[in-house]
Amino acid sequence: MVLGCVIGFSGFAHSEQRDIYLYNWDEFLSESVIERLKETHNISLKQQFFSDESIRDEVLLSERRGAFELVVLESVKLKALARQNLFHDLSSIQQDISENFEPRWMNGCGKYGIPYAWGTAGILYRSDKMSPPTSWKALLQPEPKFSGRISMYYEPTDLVSTALLANQFDPFTNDNQELRAAFKSLEEQKSHLESSEYVMDYIRDKKRLLSIDLAYGYSGDTYVLNDIDPDASWAYSVPEEGTTLWLECLSAINNGDLSNDAMTIISFLSQPEIAAINAEDSWFATPNKKAKALTSEEYQSDAELFPTQEVLDRSYLYKPLEPNSLQIRNRIVDSLR
């Protein structure tokens, strides 16, 4: 078994600590898990963070990817980039850990990734200043008092999906007329924005964060925002028009042979006990079914992380876009910038 071999190898020689580099979202890995990895396997897991998927993808498509062995990325983008031989096939590791995951999550990552986290997209808002927003139009056509206090995320797929949903269209449509309608909505929104960057970019700039009352974001973001500022009142809402359902995968970058240390980390993070600590410390929904059972009642009952069936019924799972449709989305973002 790969897991047994990996653990055996990692325990063979503890005399020299190894550094392995992970390219990841900020606040998306528990520090206590990193410490446990070091104590158990003498591997030091270092991270570099990205907040923009397009920048991450530029790195992965360049020689700069050689600086990393592991990366966290969304399942559809993973499958698209995997066609360029950028990632290692993890089928052998998957065989050993598959019973920890629901089949839909393992299938979602394909053979090049291990399910890491999942969730929805929605609206982040300050609950002391407004009632829960029920429509994406709260961002696109805001009340006057919120104009200039909105943070959007100019990632082509997610940005345009928001405007499509607000117009009652499928967020992953390839229809040109529907995409034009989305562009018009985003053009009208532009003058109301304080920022076109992911709001989590400002978690270390509290002064900048204070200028934002509404933002596009993802389930679990409020945990980080409120942890940074205990006096804040960030809350999360999934609009009535529906939302998108994302799956993040842990993958090994193909820079040559897959190292034993990288395999150890993948297997370690997939162990139910470790996955439970990681998910609860980071406050994201774990796709590891055995891990969820080891978490607190507070975590398991969090409706932001684990939405009701009614919310899931109006959620669209990420899916590949036609090349022309993706080009249009990229042009929309370039035009808006």
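**Confidence, a crossover and a disulfide**

The predicted model comes out with a mean pLDDT of 92 for the protein chain, and 96% of the residues reach 70 or more. The start of the chain is another story: over residues 1-15, pLDDT stays under 50. For that stretch the model has 21 contacts beyond four places in sequence.

Further along, strands β1 (residues 18-25) and β2 (residues 43-50) run parallel and are joined by eight bridges. Within this pairing, Y21 sits opposite K46 of β2. To get from β1 to β2 the chain passes through helix α2 (residues 31-41), giving a β-α-β crossover that is right-handed.

Next up is helix α3 (residues 53-60), where the buried residues are E53, R56, D57, V59 and L60. Looking down the axis of α3, these buried residues fall within an arc of 155°, so they line one face of the helix. That fits a general rule: an α-helix has 3.6 residues a turn, so residues three or four places apart point the same way. The cover over the buried residues of α3 includes both β1 and β2, along with β3 (70-74), α4 (75-82) and α8 (156-166).

As for covalent cross-links, the structure holds one disulfide. It is formed by C109 and C249, with their sulfur atoms 2.1 Å apart. The pair ties together distant parts of the chain, 140 residues apart: C109 lies in helix α6 (residues 103-109) and C249 in strand β9 (residues 243-252). The torsion about the S-S bond of C109 and C249 is about -90°, so this disulfide is left-handed. Both C109 and C249 are buried.

Methods:
Residues numbered from 1 in each chain as written. Predicted model: local features only at pLDDT ≥ 70, side-chain atom pairs only at ≥ 80, totals over all residues. Heavy atoms only, no water. Pairing = 2+ DSSP bridges. Helix = DSSP H or I, 4+ residues; strand = E, 2+ residues; numbered from the N terminus. Right-handed = clockwise from strand over helix to strand, strands pointing away. Buried < 20%, exposed > 50% of the residue type's maximum accessible area, 1.4 Å probe, protein only. Arc of directions from axis to C-beta. Contact = heavy atoms within 4.5 Å. pLDDT = per-residue confidence, 0-100. Disulfide = S-S within 2.5 Å.
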